[in-house]
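The exercises below are meant to be worked with the sequence and the model side by side. Try each task before reading its solution.

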Amino acid sequence: MNRKILSFQIDPQEAGTRLDRCLSRLIPGSSRTYLQKLIADGLVTSEGTALTVPRYPVRAGMRVTVELPEPENTEPVAEPFDFPILYEDESMLVIAKPAGVVVHPAAGNPTGTVVNALLGRYPHLAETLACTSGRPGIIHRLDKETSGCLAIAKTPEAQYKLSSAFASRETGKTYLAIVRGVPRRPEGEITGLIGRHPVNRQKMAVVERNGKYAITRYCLKRSGLINGVPVSLMEVKILTGRTHQIRVHLSSIGIPVLGDATYGGTAAAIPGISRQMLHAWKLRIPHPVTGEELEFTAPLPDDFQATLNLF
């Protein structure tokens, strides 16, 4: 059986970091769960000794070897690429992801994803970024029903640099959201822990413990009525990237994203709303090679603009 062997020397700035978190930066695109399984299976070693505890604190200068098992025929299949391209060069790509498209294959969505399309356009990514466990090029995600800017790496160097930029908050993410209701204050900041809902584990929630700290800033752009329902257009900036962060935070202050039935934004009284009205409008990131700060803007989708035109 042919297995891929990766070897890393730990940089001083990583000293004291949990092993699984350190590996998630060294092998960008791999989920923490996948890396924790490699650790538990004894496939992560240092000087011949297996490191079997995910929370093991790494040391500066230590060499860590990771043995990647042969994939079990679960690699995504290549499909046609038909996404608007906002920017492209040899190291990276930025697309305007349409609503309704999943970023990478997962249970229930093995095809029709951004990754499937990427492999159709760039077949070499499957081998170039083979260590990313079915997610070649993916450095951040958008929910299936969220449209907008999505950055993608085309080389291992770009994958590492861009993933590190997102992890260290060197990026800027600005969204537009049409919400149900009007905020009590025209602008503000929402902070706190976001974790699994204590009852419905399929949802996220603002929690008092066992969550991850999240910061969301919002600004009211305008408000009005649609069929008698109060609605608002919000500009939202997130300083962290937690699962469902904007949807959970806006719902927590009484203005759920319109069309988001999961978090209270049901739009039954408004015809034509078939998804959550959340758009990743602008993305600011450092170029993975030059370090130059770049900013991209994704045009508003037709359904989002049509909803805006109603109020």
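A residue is called buried under 20% relative accessible area, exposed over 50%, and partly exposed in between. The model is a predicted one, and every value used in the exercises is computed from it.

**Exercise 1. Sort the residues of three salt bridges by accessibility.**

Task: Decide for K221, E235, R284, E293, R121 and E88 whether each is buried, partly exposed or exposed.

Solution.

Step 1. Begin with the pair E235 and K221, which form a salt bridge whose closest N and O atoms are 3.8 Å apart. K221 has a relative accessible area of 47% and is therefore partly exposed, whereas E235, at 19%, counts as buried. E235 belongs to strand 12 (residues 229–238) and K221 to strand 11 (residues 212–226), so their salt bridge ties together parts that lie 14 residues apart in sequence.

Step 2. Turn to R284 and E293, a salt bridge in which the closest N and O atoms are 3.4 Å apart. With a relative accessible area of 27%, R284 is partly exposed, while E293 is exposed at 55%.

Step 3. Finish with R121 and E88, whose side chains meet in a salt bridge at 3.5 Å, N to O. The two residues sit in distant parts of the chain, R121 in helix 3 (residues 114–121) and E88 in strand 5 (residues 85–88), 33 residues apart. Both are partly exposed, R121 at 38% relative accessibility and E88 at 31%.

Step 4. Place these pairs in the wider count: the structure holds eleven salt bridges, and salt bridges with shared partners join E88, R121 and K154 into one network.

**Exercise 2. Reconstruct the four-stranded sheet and the helices on it.**

Task: In what order do the strands of the open four-stranded sheet lie, and which of them are edge strands?

Solution.

Step 1. Write down the strand order, which is 1-4-2-3 with antiparallel pairing in an open sheet. The edge strands are strand 1 (4–9) and strand 3 (49–50), each of which pairs on one side only.

Step 2. Check one pairing in detail: strand 2 (residues 44–46) and strand 3 are antiparallel and are joined by two bridges, and S46 has T49 of strand 3 as its bridge partner.

Step 3. Add the helices. Helix 1 (residues 19–26) packs on the sheet and touches strand 1, strand 2 and strand 4 (63–68), its direction making about 70 degrees with that of strand 4. Helix 2 (residues 32–40) lies across strand 2 and strand 4, and runs at about 100 degrees to strand 4.

**Exercise 3. Classify the packing of helix 1 against helix 2.**

Task: How do helix 1 and helix 2 pack, in terms of the angle and the distance between their axes?

Solution.

Step 1. Read off the geometry: the angle is about 120 degrees and the axes are 9 Å apart. That angle makes helix 1 oblique to helix 2, because the range counted as roughly perpendicular ends at 115 degrees and roughly antiparallel requires over 145.

Step 2. Note the handedness, since helix 1 passes helix 2 in a right-handed crossing.

Step 3. Locate the contact, to which helix 1 contributes L19, D20, R21, L23 and S24, and helix 2 contributes R32, L35, Q36 and I39.

**Exercise 4. Examine a covered helix and a buried loop residue.**

Task: Which residues of helix 6 are buried, and what does S91 touch?

Solution.

Step 1. Helix 6 (residues 245–252) is mostly covered, with six of its eight residues buried; these are Q245, I246, R247, V248, H249 and L250. The strands against which the buried residues of helix 6 pack include strand 8 (172–180), strand 11 and strand 12. Just after helix 6, G254 adopts a positive phi of about 85 degrees.

Step 2. For S91, start with the hairpin that joins strand 5 to strand 6 through three residues. Strand 5 and strand 6 (residues 92–97) run antiparallel and are joined by three bridges, with Y87 standing opposite V94 in strand 6.

Step 3. S91 lies in the loop between these strands and is buried, with a relative accessible area of 6%. Leaving aside residues up to four places away in sequence, S91 touches I152, A153, K154, T155, A158, H287, P288 and V289.

Methods: Residues are numbered from 1 along each chain as its sequence is written. This is a predicted model: local features need pLDDT of at least 70, side-chain atom pairs count only at pLDDT 80 or more; totals for chains, interfaces and linings use all residues. Side-chain values use heavy atoms; hydrogens and water are left out. Two strands pair if DSSP finds at least two bridges between them. Contact means heavy atoms within 4.5 Å. Axes are lines fitted to C-alpha atoms, for helices over the stretch in contact, and angles run from 0 to 180 degrees between N-to-C directions. A salt bridge is a side-chain nitrogen of Lys or Arg within 4 Å of a carboxyl oxygen of Asp or Glu. Buried means under 20% relative accessible area, exposed over 50%, partly exposed in between (1.4 Å probe, protein chains only). Angles under 35 degrees count as roughly parallel, over 145 as roughly antiparallel, 65 to 115 as roughly perpendicular and the rest as oblique. A crossing is left-handed if the near helix is turned anticlockwise from the far one by less than a right angle, and right-handed if clockwise.
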